[in-house]
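Work through the exercises below with the sequence and the structure at hand. Each task is followed by a stepwise solution.

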Amino acid sequence: CKQATFPGRYFLLVCKGCQRIKFQESQILREVSVFSLASHLLWTLWSLKQAQNSNIPFAYYSFASDRLEDYIEHRAKVAHLINNNSSGGNTDNGNGVKFQFESSNHSNVI
């Protein structure tokens with residue numbers, strides 16, 4: 001998968017000649033996945049607001065629905081990814097932010 005190899009290749013390209021940076025590719029991919037959920041929600045809310053205020057002819061409600069569906073689908077994948085890579089259902093991203101998930105897929109909330 002190209003996404004899985006991107007962090008390593010990116011750091012090799014950007015950091016030519018500089019000190020080796022220690023990082024965990026899996027941690028970076030987990031963080032990207034979590035923050036992509038925020039993108040889905042942001043575009044959902046933006047589209048709903050535009051549907052109320054914009055004069056531009058566009059299917060804003062349909063777009064909002066699609067983005068919300070993407071969020072729900074992606075949320076389950078992110079919860080599975082984090083649950084499989086953490087012990088006890090909690091993980092700390094190194095910045096003091098913890099994500100908690102219960103074992104049921106219906107209660108996985110980020």
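**Exercise 1.** Classify Trp46 and Tyr60 by burial in this predicted model.

Solution. Step 1: Trp46 has 35% relative accessibility, so Trp46 counts as partly exposed. The class runs between the cut-offs of 20% and 50%. Step 2: Tyr60, at 7% relative accessibility, counts as buried.

**Exercise 2.** Describe the ring geometry of Trp46 and Tyr60, and place the pair in the fold.

Solution. Step 1: A pair of aromatic rings is described by the distance of the centres and the angle of the planes. Step 2: The structure holds four aromatic pairs. For Trp46 and Tyr60 the centres are 5.9 Å apart and the planes make an angle of 70°, an edge-to-face pair. Step 3: Trp46 belongs to helix α2 and Tyr60 to helix α3, so the pair ties together parts that are 14 residues apart in sequence. Step 4: Ring pairs join Trp46 and Tyr60 with Trp43, Phe58 and Phe63 in a cluster.

**Exercise 3.** Check the span of α2 against its number of residues.

Solution. Step 1: α2 has 29 residues, and at 1.5 Å a residue the helix should span 42 Å. Step 2: The end C-alpha atoms of α2 are 42 Å apart, which agrees.

**Exercise 4.** Identify the largest nonpolar core and the elements that supply it.

Solution. Step 1: This core has five residues, namely Val34, Leu37, Tyr71, Val78 and Ile82. Step 2: α2 (25-53) and α3 (60-84) are the elements that give two or more residues to the core. Step 3: α3 gives the most, with three residues. Step 4: Among the buried residues of α2 are Val34 and Leu37, along with polar ones including Gln27 and Ser33.

Note on methods
Residues numbered from 1 in each chain as written. Predicted model: local features only at pLDDT ≥ 70, side-chain atom pairs only at ≥ 80, totals over all residues. Heavy atoms only, no water. Core = buried A, V, L, I, M, F, W, Y, C linked by side-chain atoms within 4.5 Å. Buried < 20%, exposed > 50% of the residue type's maximum accessible area, 1.4 Å probe, protein only. Helix = DSSP H or I, 4+ residues; strand = E, 2+ residues; numbered from the N terminus. Expected span 1.5 Å × (residues − 1). Phe/Tyr/Trp six-rings, centres within 6.5 Å; stacked < 30°, edge-to-face > 60°.
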